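Let's take a walk through a protein fold, one piece at a time. Have the sequence and the 3D view open while you read.

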Amino acid sequence: MDRLQTPLTDLLGIKYPILLAGMSLGMDDRMPSPPRLAAAVTEAGGLGVMGCGSRKPDTIDQCITEFRRLSGGPLGIDLLLPATMAEMGAQDTKSMVRERLERDHPRHVGFVRELMEEHNLPPVEPADDDAEAMSPDLLRRQFQVVADHNVPVFVAGLGDPAMIMDVARAHGMKVGGVVGAVRHAQRQKAAGVDFMIAQGTEAGGHTGNIATFPLVPQVADTVAPTPVLAAGGVGSGRQIAAAMALGAQGVWVGSAFLVAEENAIPTEHQDQILGARSEDFTLTKYNTGKQSRSYRTPVKEAWATSGLEPLPMPLQGILMEPLYTGARRAGRLDIDAASAGQVGGMLTARRPARDILLDMVNEAEETIERMRGNLR
């Protein structure tokens, strides 16, 4: 099993060019890329990346410590570094943001309350009023935890890594960034990243509007010789082979690992994914303020017809927290839907992460060999 070795595997010190996507939109401690899943992917020969964008600095510290208890292999951490977001003061708390929403966006606040009443969700007293809202200051402190642990790989899952490059280089990190358009790739190249992830619109979570097939070759040509990974619609060996034909040196895989046995998302969300068709995973900006793909819900449909524009990140996410918290407490996980990509329509069973990864490797090698045999 060595046909899948690429310059990327040498760069990151891994056996197979398959990275667990750093997925961070989780409920409480039920992360979609928890330490045990990241460790399982690393131990199988890929690179486990934990999504920690929504985690407090001390929680990130705990997650890294737990990973290292489970694996002695390489680790990646994914944080969100949005290039644009609502202006926030250093250490602004969520209670301060909620007061701002009541004052500046009463129609949005009222609409969320109407949705909660419509779906019979209980009123919620926020338990995290003293928690910090996303701000440049918080992002820097999140990253400092990653640096203090000397994590070898960092990925900017959203935005511009330029703000952390000096610290990353001082700690010997390899830095990657997720891009959804050529202009994003040009910005990442200017920042000096070591690799890029060209993520097509098929992907789950935060994603753009350009499909994987046109995006990957454009990005690969623009940033060569910087290694490019393909993401969005990648969940099988056949898709890995296709990604490499497009110019990718590896893949960034999220949705296929959402149904891994080591994942921490609710069983109900795994059931949503396993029972869904590809067209059931739809785009919206109403979850976080940035465009993302997740399982369809009546709440997403209501927002789409509300006539209200989504607020910038992080305002929209904080606006929606009472609804999602109420839905969880009421057991209404049909409202708080799974973030997943269109490849979810191909997934049929829960399996160990090791089996998912090695099956992709075997199928990719078989596909490449079969393609060679089919050529005349």
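## β4 and its two partners

In this predicted model, strand β4 and strand β5 (residues 174-179) run parallel and are joined by 4 bridges. If you want one pair of residues to look for, try Ala156, whose bridge partner in β5 is Gly177. To get from β4 to β5, the chain passes through helix α7 (residues 165-170), and this β-α-β crossover is right-handed.

β4 also pairs with strand β3 (residues 75-81), again in the parallel sense, over 6 bridges. Here you can spot Leu80 standing opposite Leu158 of β4. Is β4 (residues 153-159) mostly covered or mostly open? It's mostly covered: 7 of its 7 residues are buried.

## Zooming out to the sheet

Now step back and look at the sheet as a whole. As a bit of background, the strands of a sheet pair through backbone hydrogen bonds, and they can do so in a parallel or an antiparallel way. This sheet is open and has 8 strands with parallel pairing, in the order β1-β9-β8-β6-β5-β4-β3-β2. Which strands sit at the edges? They are β1 (18-20) and β2 (48-51), each of which pairs on one side only. On average, neighbouring strands are turned by 25° against each other, ignoring direction.

At the β1 edge, the partner is strand β9 (residues 250-253), with parallel pairing over 3 bridges. One pair to find there is Ile18, which stands opposite Val251 in β9.

## Helices against the strands

Next, the helices. α3 packs on the sheet and touches β2 and β3, with its direction at about 160° to that of β3. Helix α8 (residues 182-191) lies across β4, β5 and β6 (195-199), and runs at about 165° to β5.

Helix α6 (residues 136-148) is a good one for a quick sum. How far should its 13 residues reach at 1.5 Å a residue? The expected span is 18 Å, and the end C-alpha atoms are 18 Å apart, so the two agree. Several of its residues are buried, among them Leu138, Leu139, Phe143 and Val146. The cover over the buried residues of α6 includes α3 (57-70), β3, β4 and α7. Just after α6 comes Asn150, which takes a positive phi of about 55°.

## What's packed inside

The largest nonpolar core here has 92 residues, and Leu19 and Phe257 are the ones with the most contacts inside it. Helix α15 (residues 353-374) gives the largest share of this core, with 8 residues. So who does Phe257 touch? Leaving out neighbours within four places in sequence, its contacts include Leu20, Leu37, Val41, Asn263 and Met360.

There's also a second, separate core, made of 23 residues. Among its members are Phe111, Leu115, Leu315 and Ala327.

## A last stop at Thr325

Finally, find Thr325, which belongs to helix α14 (residues 315-329). Is Thr325 buried or partly exposed? Its relative accessible area is 22%, and buried means under 20%, so Thr325 counts as partly exposed.

Thr325 also shows how folding brings up unexpected pairs. Thr325 and Pro123 are 202 residues apart in sequence, while their C-alpha atoms are 9.3 Å apart in space.

Definitions and conventions: Residues numbered from 1 in each chain as written. Predicted model: local features only at pLDDT ≥ 70, side-chain atom pairs only at ≥ 80, totals over all residues. Heavy atoms only, no water. Buried < 20%, exposed > 50% of the residue type's maximum accessible area, 1.4 Å probe, protein only. Helix = DSSP H or I, 4+ residues; strand = E, 2+ residues; numbered from the N terminus. Pairing = 2+ DSSP bridges. Right-handed = clockwise from strand over helix to strand, strands pointing away. Core = buried A, V, L, I, M, F, W, Y, C linked by side-chain atoms within 4.5 Å. Contact = heavy atoms within 4.5 Å. Expected span 1.5 Å × (residues − 1). Axes fitted to C-alpha atoms, helices over the stretch in contact; angles between N-to-C directions.
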